[in-house]
Every structure is written in C-alpha cells, then in structure tokens.
Amino acid sequence: MHADQPILDVAVLTELLESTGDDVEFVRDLLDTYLAETPEHMAAIRQALEADDAAALVRPAHTLKSSSATLGAMRLSAIGRDLEVAGRSGSLEADGRAMLPDVEGTWDATSEAVQGWLAEHPQ
C-alpha cells in the first residue's frame, strides 16, 4: 500500500529548513514533537480499527495525514488520508484490523527515518 510514496521525503525537510532560514533547531523541535505525539494518534487509530469504529478514526487519521505531510512523511500521510476517507464514509470497507500491519509498519519505518535525519542534523 502506497509503496510509490517515500517513507521520508528529505526534499520537504530541506525546503522547511530553507523557509526557516536554516533554523535546524526549529526543524528538530518540530520533528521531536512529531515523534512524541504521533504514538498517541497511532494508538487512537489502532483502537478505532480494532473496534471497526469509523467515526473514531477520523480525527487521529486527519492529524496523522496533516502532520506527516508537513514533515515529509509522505507514505504515512497517504495512509492517514485513506483512513480519514474511510472514517468519513462511515464504514470501513475491509476489516479494520487487517489494515493495522501496514499502518504500524509504516509508522515504525517513518520513526526510524526521522531519527536518522535528526542524527545527521545535530543542533
């Protein structure tokens, strides 16, 4: 699912750096916040999928989609978009639990990629 999207599009982070006057500390703070807050959204998504609760999926999926896109996590953003659409439709077409491995695996890969970027860009 969404293999055509990069886990982490470093061009987005480069553009973000340039738009902040190469303020590495600011971008690092954004990424640190993303790494700290996304597990809460992932837990809410997991809970909604396990319960096949489409309505409960909308808010955390929207947040995941938006925050991921802002920071270049394009594959996770695309998954978040799909989850949001499924939630807004009022029903999950497939068993929600079947979607969990892809969502969680993509989050794990994204987290690793973000941590790698942080390691390459010390303050």
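Let's start with charge: in this protein chain, the mean position of the 8 positive charges and that of the 23 negative charges lie 7 Å apart. Keep in mind as you look around that this is a predicted model.

Now turn to the fold. The protein chain has 5 helices and 0 strands, so if you follow the elements from the N terminus you read α-α-α-α-α. The radius of gyration of the protein chain is 15 Å, close to the 14 Å that the globule rule gives for 123 residues, so the chain is as compact as a globular protein of that length. Along its principal axes, the C-alpha trace spans about 45 × 25 × 20 Å.

How do the parts of the chain meet? Take the contacts with a separation of 6 or more: 75% of them involve residues 24 or more positions apart. Buried residues make up 38% of the 123 residues in the protein chain. On the outside, the accessible surface comes to about 6,500 Å², and carbon and sulfur atoms account for 49% of that surface.

Finally, let's zoom in on a detail. The structure holds 1 aromatic pair, formed by Tyr-34 and Trp-107. Their rings are arranged edge-to-face, with 5.8 Å from centre to centre and 70 degrees between the planes; an angle over 60 degrees is what counts as edge-to-face. Tyr-34 belongs to helix H2 (residues 24-50) and Trp-107 to helix H5 (residues 96-120), so the pair ties together parts that are 73 residues apart in sequence. Both Tyr-34 and Trp-107 are buried.

Definitions and conventions:
Residues numbered from 1 in each chain as written. Predicted model: local features only at pLDDT ≥ 70, side-chain atom pairs only at ≥ 80, totals over all residues. Heavy atoms only, no water. Helix = DSSP H or I, 4+ residues; strand = E, 2+ residues; numbered from the N terminus. Rg over C-alpha atoms; globule rule 2.2 N^0.38 Å. Buried < 20%, exposed > 50% of the residue type's maximum accessible area, 1.4 Å probe, protein only. Contact = heavy atoms within 4.5 Å. Areas by Shrake-Rupley, 256 points an atom, 1.4 Å probe, with all protein chains shown as cover. Lys, Arg positive; Asp, Glu negative; His and termini not counted. Charge placed at Lys NZ, Arg CZ, Asp CG, Glu CD. Phe/Tyr/Trp six-rings, centres within 6.5 Å; stacked < 30°, edge-to-face > 60°.
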